[in-house]
Amino acid sequence: IPKNISLDKPLYLLSLCNDENDFHSSYPRLYIDAEENSQIKIIYHHIGAKEKKYYRNNVTFINAKENSNIFFTNIYEESDKSFSMNNFIINQSSDSNINTVNFFIKSGFFRSGIEGNLNGKGSSLSIDGLFLGNKNQFIDNNIIINHNKEKTNSKVMYKGILNDNANAVFNGLINVPFQSKHINSDQKNHNIILSKTAKINSNPKLKISCDDVKCSHGSTTGN
């Protein structure tokens with residue numbers, strides 16, 4: 001996205017896996033470079049053919065320059081027999097702002113890894129997610145946010161609903177290195193279990209190596 005450019009309408013991207021043969025594999029890569037003072041909204045929709053076995057390895061890179069604004073939505077509707085691996089790597093410069101929303105609607109084996117690097121003073125990152133699991137689905141969510149500069153902000157809010165024999169994992173880590181003062185960070189995971197055989201393993205964590213920060217984390221699971 002060029003410098004000083006703001007797009008009014010969202011950009012819709014469709015990643016479709018509909019090969020007629022089983023065990024198809026694909027490796028999509030998406031690179032987003034947002035220059036200074038730019039603004040964009042992106043919807044990235046991942047769809048898999050029903051009842052097909054396939055392996056998908058997605059990687060998305062976002063590089064947000066000074067004072068850029070990005071709203072990014074991931075929607076995952078994979079096959080019940082799919083193996084879906086997803087990595088999302090974010091690097092932010094000073095005063096940049098990124099909001100991401102992730103919807104995990106259907107999959108077989110699903111793993112998501114999000115790494116947010118707040119490398120500039122005044123940068124902010126918000127990560128929201130909703131995951132739905134039923135049958136024998138496995139959903140693995142992993143989030144790491146590195147507050148590499150002082151006066152940076154982050155928020156993580158993930159919610160899960162599990163039924164049948166579904167299993168899910170939430171691993172979250174807020175990392176505040178030495179000398180990264182005046183940090184404001186909040187991390188939460190809330191889950192609802194609808195059957196006696198569904199399971200969730202929730203592990204929100206903080207790693208704080210300096211004083212003068214405001215960081216919180218929490219997790220709840222009910223049935």
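In the predicted model, the side chains of Asp-80 and Lys-135 meet in a salt bridge, with an N to O distance of 3.2 Å. This pair links distant parts of the chain, 55 residues apart: Asp-80 belongs to the loop between β6 and β7, and Lys-135 to the loop between β10 and β11 (138–147). Asp-80 is partly exposed, with a relative accessible area of 24%, and Lys-135 is likewise classed as partly exposed, at 47%.

The Asp-80 to Lys-135 contact belongs to a set of seven salt bridges counted in the structure. Another is formed by Asp-140 and Arg-111, whose closest N and O atoms are 2.8 Å apart. Here the partners lie in strands, Asp-140 in β11 and Arg-111 in β9, and the pair links parts of the chain 29 residues apart. With a relative accessibility of 7%, Asp-140 counts as buried, because the cut-off for that class is under 20%. Arg-111, in contrast, is partly exposed, its relative accessible area being 33%.

A further salt bridge joins Lys-65 to Glu-35, with 3.7 Å between the closest N and O atoms. Lys-65 is placed in the loop between β5 and β6 and Glu-35 in the loop between β3 (29–34) and β4 (39–48), so the contact ties together parts that are 30 residues apart in sequence. Partial exposure is found for Lys-65, at 24% relative accessible area, and for Glu-35, at 27% relative accessibility.

A search of the whole structure for internal space finds two cavities of 30 Å³ or more. The largest cavity contains about 40 Å³ of space. Its lining consists of His-46, Asn-58, Thr-60, Asn-74, Tyr-76, Asn-86, Asn-87 and Phe-88. Two or more of these residues come from each of the elements β5 (54–64), β6 (69–77) and β7 (83–92). The greatest contribution is that of β7, which gives three residues. By class, six of the lining residues are polar and two are nonpolar, while no charged residue takes part.

On the surface, a nonpolar patch of about 540 Å² is made by Phe-103, Ile-105, Leu-130, Leu-132, Ile-161, Ile-192 and Leu-194. Strands β8 (97–106) and β10 (124–133) each supply at least two residues of this patch. One of the patch residues, Leu-132, lies in strand β10. Its relative accessibility of 33% makes Leu-132 partly exposed; Leu-132 can therefore be part of the patch, for which over 30% relative accessible area is required.

Two loop aspartates have positive phi values. For Asp-95, in the loop between β7 and β8, phi is near 60°, a positive value in a residue other than glycine. Asp-212, in the loop between β15 (199–208) and β16 (214–222), also has a positive phi, of about 60°, although this residue is not a glycine. Asp-95 is partly exposed, with 47% relative accessible area, and Asp-212 is assigned to the partly exposed class at 48%.

Gly-108 is located in the loop between β8 and β9 (109–118). With a relative accessible area of 11%, Gly-108 is buried. A distance of 30 Å separates the C-alpha atom of Gly-108 from that of Leu-206, a residue 98 positions away along the chain.

Key:
Residues are numbered from 1 along each chain as its sequence is written. This is a predicted model: local features need pLDDT of at least 70, side-chain atom pairs count only at pLDDT 80 or more; totals for chains, interfaces and linings use all residues. Side-chain values use heavy atoms; hydrogens and water are left out. On a 1 Å grid over the protein atoms alone, a cavity is a set of points where a 1.4 Å probe fits but cannot get out, and a pocket is an open set with protein on both sides within 12 Å along at least five of seven lines; lining residues have an atom within 4 Å of a point. Grid points are joined across faces, edges and corners, and a volume is the space filled by probe spheres set on the points. Helices (H or I, at least four residues) and strands (E, at least two) are DSSP runs, numbered from the N terminus. Ala, Val, Leu, Ile, Met, Phe, Trp, Tyr, Cys and Pro count as nonpolar, Asp, Glu, Lys and Arg as charged, and the others, Gly among them, as polar. Patches are made of residues with over 30% relative accessible area and no salt bridge: like charges are joined within 9 Å, nonpolar side chains (Val, Leu, Ile, Met, Phe, Trp, Tyr) within 5 Å. Accessible areas come from the Shrake-Rupley method with a 1.4 Å probe; for residues, only the protein chains shown count as cover. A salt bridge is a side-chain nitrogen of Lys or Arg within 4 Å of a carboxyl oxygen of Asp or Glu. Buried means under 20% relative accessible area, exposed over 50%, partly exposed in between (1.4 Å probe, protein chains only).
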